[in-house]
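Trainee: I should like to learn how to read the features of a protein model. May we go through the structure step by step?

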Amino acid sequence: MASSALISETEQWKNLKQHVSEIQKTHLRDLMNDVDRCKSMMVEYDGIFLDYSRQRVTQDTMGKLFKLAEAAHLKDKIEKMYSGQKINSTENRSVLHVALRAAREKEIYCDGKNAVPEVWEVLDKIKDFSEKVRSGAWIGATGKALKDVVSVGIGGSFLGPLFVHTALQTDLEAAEYAKGRQLRFLANVDPVDVARSIKDLDPETTLVVVVSKTFTTAETMLNARTLREWISSSLGAEAVAKHMVAVSTNLPLVKDFGIDPANAFAFWDWVGGRYSVCSAVGVLPLSLQYGFSVVEKFLEGARSIDNHFFLAPFESNIPVLVGLLSVWNVTFLGYPARAILPYAQALEKFAPHIQQLSMESNGKGVSIDGTPLPFEAGEIDFGEPGTNGQHSFYQLIHQGRVIPCDFIGSIRSQQPTYLKGEVVSNHDELMSNFFAQPDALAYGKTPAELLQDKVPDHLVPHKTFTGNRPSLSILLPSLSAYNIGQLLAIYEHRIAVQGFVWGINSFDQWGVELGKSLATQVRKQLHASRVDKKPVQGFNFSTATLMSRFLEVNTSYDETVLPKNVI
């Protein structure tokens, strides 16, 4: 395959590589004393405040990063994405998750056709259907209202919607709309997950949403068949059409499954699974739980950032800034990981979603044209809400490996609480840590300072904090549906920026295919061994030994067995 020039071959890249030695001579302790520098590294847009002054960068560094973005044709790549060009070249697809939250009157073309009217056709259908279910106009097979929803999907069909659902649960407006309703997610093919998802639920009042674009995803369809059996064994096979709907484009398979194709909600090839939370994948179950009006505000928040990302100059463009800083940290400073630290329990599922979004998008070893990369791309993402994380892995962040951190906080709490006589409110206590931790990472504590504090000599090495550990802070006005949409879009576009600069395809995921292919062979062997008592053959010694040990416990396939409601 013919190769184009790698970004690492440009002068702008080489200038940054040389610049690293200058940065290694600096310490954040000193950089933070430069007020003008700090002011230049604070950006505000639509209520969101970004402070990246605790990154290991100078104004000169940022200038060089902006020149690298130009060399990578970042603006041109963003415009190609928004105009529907097929930038996912390995799958010959457009990348248009921005169309999922575009205003009704917007025009975004894909294959010569405006995609926005089709998006709104689905959104209008979701609004109509969710209102019928929520009002009791749509009822189950026995005449009872459907107040409980189980959404069945995996990967992007699960992590994104779960993040948004968890974030909205404690928002006062969203919680009011959700009274008397339950939304659960079933992703893992482990039968324990099935048992948990239907614990204490009544099939008569449960609606199941099956999310699979092709309606062939192995784990999802086995789980869907399991819930279909749970419903039909209680209510009869004819009840399936009233208690199950689909998010899919494969209408023949939807019909064969027993779901009325009229109750299938479409999405498109130009929506990658991990970018699909703003499609019917997320909007349908979330609207059933919270009402379409709340979810529409979430879409509007994402749209706000979409417009900002497309229009703002790089110097004040939040997704571009945080994306370029990630490239700097990973590829130039050699920090392979990033900690996502939301000081908000409502965002407890944000890091797992971004983990998939980032690592599945940018976990690549070749350029978009197939050339092996001579540099490291992609980052290892993990995180936990503060202050829980402080009592978990912050020891390593402060005194072990250097891991750049994203601190995310909100000015207003979803659940304001203050006890009379306390020094601060509960939210202020939380945010005290949000403000303190970045400084602790940046400044550290020197041996001289410890001796001044009369720390015994033998403990000084153990209590020394080197500091100079980079972080950035994102301060949201609140955690409303609108703000949650903004936060999601910032990270979606940040990941695209990284991929565009590295010159990789952030929108395919061939790395997940090999394991699935091998699992197909294992599945056939397990069936042959269970049913026909055939020995394990065709596998390496290690795998064959493990499988044989697993098969020592004989499980019969002679009759249907559903998970027991014992949890």
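Mentor: Let us begin with a loop. T387 is found in the loop between β11 (380–383) and α17 (394–399). Please bear in mind throughout that this is a predicted model.

Trainee: What joins G386 and T387?

Mentor: The general idea comes first. Most residues other than glycine have a negative phi, and most peptide bonds are trans. Here, G386 and T387 are joined by a cis peptide bond, with omega about 10°.

Trainee: Which loop holds D46, and what is the phi of D46?

Mentor: D46 lies in the loop that runs between β1 (42–45) and β2 (48–51). Although D46 is not a glycine, its phi is positive, at about 50°.

Trainee: I should now like to turn to the domains. How is the chain assigned to domains?

Mentor: The domain assignment gives domain 1 as 27–87 + 312–414 + 428–505, domain 2 as 99–297, and domain 3 as 513–552. Domain 1 is thus written as three segments of the chain. In the contact between domain 1 and domain 2, 26 residues come from domain 1 and 22 residues from domain 2. The centres of these two domains, taken over C-alpha atoms, are 33 Å apart.

Trainee: How does one express the size of such an interface?

Mentor: The size of an interface is often given as the accessible area lost when the parts come together. For domain 1 and domain 2, the buried area is about 2,100 Å². Carbon and sulfur atoms give 59% of that area.

Trainee: How many salt bridges are there between domain 1 and domain 2?

Mentor: The count between these two domains is three salt bridges. As for a pair of side chains to inspect, E360 and R274 meet in a salt bridge, with 2.9 Å from N to O.

Trainee: How does one look for empty space in a structure?

Mentor: Rolling a probe the size of a water molecule over the atoms shows where empty space is left. In this structure there are two cavities of 30 Å³ or more. The largest cavity holds about 60 Å³ of space.

Trainee: Which element gives the largest share of the lining of the largest cavity?

Mentor: That share comes from α15, with four residues. The elements that give two or more residues to this lining are α15 (318–332) and β10 (337–342). Among the lining residues are Q55, V322, R338, E379 and D406. By class, the lining of the largest cavity has five nonpolar, three polar and four charged residues.

Trainee: What classes of residue line the second largest cavity?

Mentor: Its lining has eight nonpolar residues, one polar residue and no charged residue. The residues include L100, V119, W268 and C278. Helix α6 (residues 116–135) gives the most to this lining, with four residues. The space in the second largest cavity is about 40 Å³.

Trainee: Let us close with a pocket. Which residues lie nearest the centre of the second largest pocket?

Mentor: They are A72, K77, I368, F500 and G503, from a lining of 27 residues. About 510 Å³ of space lies in the second largest pocket. Both α5 (74–82) and α21 (481–502) supply at least two residues of its lining, and the largest share, four residues, comes from α21. The classes in the lining of the second largest pocket are 12 nonpolar, 10 polar and five charged residues.

Notes
Residues are numbered from 1 along each chain as its sequence is written. This is a predicted model: local features need pLDDT of at least 70, side-chain atom pairs count only at pLDDT 80 or more; totals for chains, interfaces and linings use all residues. Side-chain values use heavy atoms; hydrogens and water are left out. On a 1 Å grid over the protein atoms alone, a cavity is a set of points where a 1.4 Å probe fits but cannot get out, and a pocket is an open set with protein on both sides within 12 Å along at least five of seven lines; lining residues have an atom within 4 Å of a point. Grid points are joined across faces, edges and corners, and a volume is the space filled by probe spheres set on the points. Ala, Val, Leu, Ile, Met, Phe, Trp, Tyr, Cys and Pro count as nonpolar, Asp, Glu, Lys and Arg as charged, and the others, Gly among them, as polar. Domain bounds come from an automatic or database domain assignment. Contact means heavy atoms within 4.5 Å. Buried area is the accessible area (1.4 Å probe) that two parts lose on being put together, summed over both. A salt bridge is a side-chain nitrogen of Lys or Arg within 4 Å of a carboxyl oxygen of Asp or Glu.
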